[in-house]
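Reader: I'm new to reading protein structures, and I'd love a close look at the strands of one chain. Could you walk me through how they are put together?

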Amino acid sequence: MLLEVKDINVHYGKIAALKGISIEVNEGEIVSLIGANGAGKTTTLKTISGLRPLSSGQILFDGEDISKTPGHKRVQLGIGQSPEGRGVFPGMTVQENLLMGAYTRKGDLSGDLEEVYELFPRLNERKTQFGGTMSGGEQQMIAIGRALMTKPKVLLLDEPSMGLAPMLIAQIFTIIKEINSRGTTVLLVEQNAQQALKLSDRAYVLETGRVVKSAPGVELLNDPGVRAAYLGGELGH
Amino acid sequence: MKGDGVTAKRNAFHPVDRARDWWADAPQWQRYTVYLAAIVFALILPAPWIGSFMSPESDWTTVLFYPIGTYILLAVGLNIVVGQAGMLDLGFVAFFAIGGYTLAYFGTKHGLTFWATLVMGIVLAAVSGVILGAPTLRLRGDYLAIVTLGFGEIVRITANNTDEIGGARGITNVPHPEPLFGMEFLLDPAPYYYLIVAAIALVIVFSVRLHKSRVGRAWAAIREDEDAAELMGVPTFKFKLLAFAIGAMIGGLAGAIYASKAIFIEPNSFPFILSATILAAVVLGGAGNLPGVILGAFVIAWLPERFRFLAEYRILLFGAVLVLMMALRPEGLLPSRQRKAELHEGTGGMGTLAAEVPGPDSDDTSAEVGSK
């Protein structure tokens, strides 16, 4: 098992955001976390990448307990994240943004850059443009490309479809599939449950800080409860 | 990372931008010519014929040392904290005070030489920067600003109430520096001016080197998005602490040089308003861009001196000019391109103060993409 989250609790002040969440991600999988606003999806990702401290529980990565490891060291272990709201560096060019992803690595990076530009030809065309002047979809590409530049074993994606037009969402999901087929494990957080479940090997449904259901993606797609809650009920496909 | 056409070059019609592009590609000899010209300029600046216009009411060389030179030195230091690392520090005067008091105390009570006390002042300022930073740098934006504001006041009030360092009466007979290169440091302000010019030059070289290094890249990332920087593997806390310590060192250096000329220092030499003024200089000039910050500090220090004949009205005028300039050029007199892009995005404006708030342009993405 690549990533194992064991019964974690996370608090914002006195308010419990996560109440004993357990998640497992195997090597090579795409796993989704779906759920409504405030269910704890983003907090879960932030806790895995080290941006939030946990109150109790354990996070194991590659069999190693990383619960107390600071965020910047988890990057080197192989946890890459595209954060909520993209987090593109607005005053850096596209290429400078991508190179920030390789901040901890030395040596020749041209091969890695090449690979990201091949996945996102759009970024190649605009590599000298400031990140802040790019459109939402392009910023999402930067955020994902930048996370790939950290050479992650597991890629954490926080709502990659947020604020994007349907055509672009489809494109981003195709690229996620491609990244996965090249050997990177993906843990995906999405409100766009339909698309996420189609793509995922397995998925967890989160509600107010707890896992209420976990099953293979396709199974959840046909689950009446999940359909009613997250896929627009019987109005869905 | 720069060069290879990877750095943005846009709007190359504006003269400032054109100068920037020229500078970015200028060959070594052209750069050294400019450095040499700057040094010659600094050396002839105290000339009386310049002074008769720049400062008709008071001694120009004295004005060049304080406030102008001292403000520039402080602003270059504060720029590392505010402009490069993006942390709002409202108590920068504390380090200025610590540098000054260290020199005055060890010079008068223990008879140590100027250079020894100067180094001690810098080290003590750095240590106090770390002591202040270690517990508080987990705070962001306005919370950090309030804590630093408090620190500035704590230092001043502590000095006011500590008899060992003179209490409210301060320290008198602070020793002058020892003669250097045949220059006697007595009442003539010229040698002090050259001393502070040397200090400014040194600090500028240091600051530019840092800016271009991995450290500078880490600071830029922290300033623009701290969480994202951590996700790139940047040890954000360590680098914020480093920025704080380096800024403090420069503040301490400025304080020590200031005290060595002033002969007499007291707690009220280091009021809160000085922190605010230096911050205004950094922001007015264009935080993060060194030429801008130096220009800003010069303007802030010089304007009230130039308009001394207006007596009490000059401060009113000064305030009006500040408001006007910030309204017309919110990004500063000479902003860096990077900073302009950050402000446009609505993040990173005053460091992390505004970082959590998306700008008006950051949410129209679906419409923009949909129309393509």
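**The strands of chain A**

Author: Happy to! Let's begin with strand β1 of chain A: 5 bridges join β1(A) to strand β4 (residues 56-61) of chain A, and the two run antiparallel. Please keep in mind that this is a predicted model. For one pair to find on screen, look for N9(A), which stands opposite S56(A) in β4(A).

Now turn to another partner of β1(A). Strand β1 (residues 3-12) is also joined to strand β2 (residues 15-25) of chain A, by 8 bridges, and this pairing is antiparallel too. N9(A) is a handy landmark here as well, since its bridge partner in β2(A) is K19(A). Between the strands of the β1(A) and β2(A) hairpin there are 2 residues, and G13(A) takes a positive phi near 65°.

Next, move along to strand β8 (residues 185-190) of chain A. This strand is mostly covered, with 6 of its 6 residues buried. You can follow its two faces: T185(A), L187(A) and V189(A) point one way, while V186(A), L188(A) and E190(A) point the other way, and all of them are buried.

What does β8(A) pair with? One partner is strand β3 (residues 30-35) of chain A, joined to β8(A) by 5 bridges and running parallel to it. In that pairing, I30(A) stands opposite V186(A). Another partner is strand β7 (residues 154-158) of chain A, which pairs with β8(A) over 5 bridges, again in the parallel sense. Here L156(A) has L187(A) of β8(A) as its bridge partner. To get from β7(A) to β8(A), the chain passes through helix α7 (residues 166-181) of chain A, and this β-α-β crossover is right-handed. Try tracing that path yourself!

Before you leave chain A, here is a helix to set beside the strands. Helix α3 (residues 94-101) of chain A has 8 of its 8 residues buried, so it is largely enclosed by the rest of the structure. Among the buried residues are Q95(A), E96(A) and N97(A), along with L98(A) and L99(A). What do the buried residues of α3(A) pack against? Within chain A they pack against α4 (110-119), α5 (121-125) and α6 (136-148), and from chain B they meet α9 (214-224).

That last helix leads to a quick look across at the other chain. While you have been following strands in chain A, chain B comes to 16 helices and 0 strands. Of the 372 residues in chain B, 47% are buried.

How values were computed: Residues numbered from 1 in each chain as written. Chains lettered and ligands numbered in written order. Predicted model: local features only at pLDDT ≥ 70, side-chain atom pairs only at ≥ 80, totals over all residues. Helix = DSSP H or I, 4+ residues; strand = E, 2+ residues; numbered from the N terminus. Buried ≥ 20, exposed ≤ 12 C-beta atoms within 10 Å, placed from the backbone. Contact = placed C-beta atoms within 7 Å. Pairing = 2+ DSSP bridges. Right-handed = clockwise from strand over helix to strand, strands pointing away.
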